[in-house]
Amino acid sequence: MMEAELIVSFIVLGTIVGFLAGLLGIGGGLVMVPVLTSLFVWQGLPSESVVHLALGTSMASIVVTSISSMRAHHKKAGVLWDVVKLISPGILVGAFLATFLASVLSSVFLAIFFACFLVFASTQMFLNKKPKPSRMLPGAGGLFAAGGIIGSISALVSIGGGTITVPYLSWHNVDVKKAIGTSAAIGLPISVAGTIGYMVNGLSAGLDIPYVFGFVYLPGVVLISVMSFMMAPVGAHAAHKLPVPILKKVFAVLLLGLALKMISSVI
């Protein structure tokens with residue numbers, strides 16, 4: 001793929017990711033990872049590293065978006081900061097350590113794991129099922145353990161964690177708006193720890209690819225981050241005018257298509 005085409009592709013991807021983040025309240029990793037995998041394959045990068053690069057680049061791109069989202073929810077008093085403080089240590093440990101696991105797994109295995117997660121996420125979105133609140137939040141130890149699990153899975157599939165965190169908090173009698181806001185805040189430690197982990201592990205892989213630091217493709221991160229930051233408010237504005245429940249179902253079907261695309265790119 002020509003360099004100009006690649007730049008345009010990152011700009012378009014960032015635009016779509018930002019708009020969807022604002023419109024549907026989703027993290028960009030579900031879209032970015034399969035698309036980035038295809039872009040890196042077309043670029044002719046080593047097949048054994050394309051998924052790792054997609055995961056690392058996606059995770060680094062989420063940092064800016066998560067900061068913006070966290071600030072927006074904080075202004076609306078939608079973040080339970082006591083929960084964030086208790087769950088974040090587990091998030092940081094789980095997300096960072098999961099990148100070490102990802103570095104030793106093959107691209108094919110990671111693609112299959114990601115595709116399975118996409119099927120789960122799309123089913124959850126299509127059915128719009130919400131867990132019935134049935135218990136209270138655990139103490140510091142329980143939240144640390146929960147954070148470790150959320151961080152680990154989020155880093156392995158390169159998401160901000162909302163797909164897991166919101167149902168978890170709702171299950172524990174947290175108001176859904178505060179669950180979404182708290183999840184947005186938790187997305188920052190997930191993305192930071194995951195990005196550092198993918199950088200560290202990628203350096204040991206010794207990839208000799210221009211503009212790549214560890215498992216992070218820097219031009220992609222810059223272009224995607226800038227465009228998604230600009231487009232998220234546009235998507236949020238459009239959410240008040242468009243039929244979001246219907247769009248969520250359409251997007252859920254799209255996720256299934258992306259899952260198939262992800263598998264076909266590496267097999």
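In these views, a helix is a DSSP run of H or I with at least four residues and a strand is a DSSP run of E with at least two, both numbered from the N terminus. This is a predicted model, in which local features need pLDDT of at least 70, side-chain atom pairs count only at pLDDT 80 or more, and totals for chains, interfaces and linings use all residues. Residues are numbered from 1 along each chain as its sequence is written, while side-chain values use heavy atoms and leave out hydrogens and water.

**View 1. Tyr211 sits in the loop between H8 and strand S1 (212–213).** Look at the backbone here: Tyr211 has a positive phi of about 65°, although Tyr211 is not a glycine. With a relative accessible area of 54%, Tyr211 is exposed (buried means under 20% relative accessible area, exposed over 50% and partly exposed in between, using a 1.4 Å probe and protein chains only).

**View 2. Ala77 belongs to the loop between helix H3 (50–75) and helix H4 (81–104).** Ala77 is not a glycine, yet its phi is positive, at about 55°. The relative accessible area of Ala77 is 53%, and Ala77 is exposed.

**View 3. Helix H8 runs from residue 176 to residue 205.** Is the distance between its ends in agreement or disagreement with the span expected for 30 residues? At 1.5 Å a residue, helix H8 should span 44 Å, and its end C-alpha atoms are 41 Å apart, which agrees (the expected span is 1.5 Å times one less than the number of residues). At the N-terminal end, Asp175 caps H8, with a side-chain oxygen 3.1 Å from the backbone nitrogen of Lys177. Just after H8 comes Gly206, with a positive phi of about 65°.

**View 4. Phe40 and Tyr217 make up one aromatic pair.** A search of the whole structure finds four aromatic pairs (rings of Phe, Tyr and Trp, the last by its six-membered ring, pair if their centres lie within 6.5 Å; planes under 30 degrees apart count as stacked, over 60 as edge-to-face and the rest as tilted). The pair of Phe40 and Tyr217 is edge-to-face, with 5.7 Å from centre to centre and 65° between the planes. Phe40 lies in helix H2 (residues 29–42) and Tyr217 in strand S2 (residues 216–217), so this pair ties together parts that are 177 residues apart in sequence. Both Phe40 and Tyr217 are buried. Add Phe10 to the picture, and you have a cluster of Phe10, Phe40 and Tyr217 linked by ring pairs.

**View 5. Phe117 and Phe120 form a tilted aromatic pair.** Their ring centres are 5.7 Å apart, with 50° between the planes. Why are these two residues about one helical turn apart? Phe117 and Phe120 are separated by about one turn because they are three residues apart in helix H5 (residues 107–127). An α-helix has 3.6 residues a turn, so residues three or four places apart point the same way. Phe117 is buried, at 9% relative accessibility, whereas Phe120 is partly exposed, at 41%.

**View 6. The charged end of Lys249 sits over the ring of Phe126.** The distance from this charged end to the ring centre is 5.7 Å (a charge sits over a ring if NZ of Lys or CZ of Arg is within 6 Å of the ring centre and within 35 degrees of the ring normal).

**View 7. Thr37 is a buried residue of helix H2.** The relative accessible area of Thr37 is 0%. A polar atom of its side chain lies 2.7 Å from the backbone oxygen of Val33. Setting aside residues up to four places away in sequence, Thr37 touches Val50, Val51, Ala54, Met262, Ser265 and Val266 (contact means heavy atoms within 4.5 Å).

**View 8. Leu36 and Phe40 are among the residues with the most contacts inside the largest nonpolar core.** That core has 72 residues, and Phe10, Val51 and Phe251 also belong to this well-connected group (a nonpolar core is a set of buried Ala, Val, Leu, Ile, Met, Phe, Trp, Tyr and Cys residues joined through side-chain atoms within 4.5 Å). Not counting residues up to four places away in sequence, the partners touched by Leu36 include Phe10, Leu13 and Ile224. In soluble globular proteins, nonpolar side chains tend to be buried together.

**View 9. Lys261 is found in helix H10 (residues 244–266).** Lys261 counts as partly exposed, at 36% relative accessibility. Although Lys261 and Ser38 are 223 residues apart along the chain, their C-alpha atoms are separated by 8.0 Å. Leaving out residues up to four places away in sequence, Lys261 touches Ser38 and Trp42. Gly257 also lies in helix H10 and counts as partly exposed, at 40%. From C-alpha to C-alpha, Gly257 and Val119 are 9.6 Å apart, with their positions 138 residues apart in sequence.

Terms used
A polar contact is a pair of N or O atoms within 3.5 Å; within protein, one must be able to donate a hydrogen and the other to accept it, and residues adjacent in sequence count only if both atoms are side-chain atoms.
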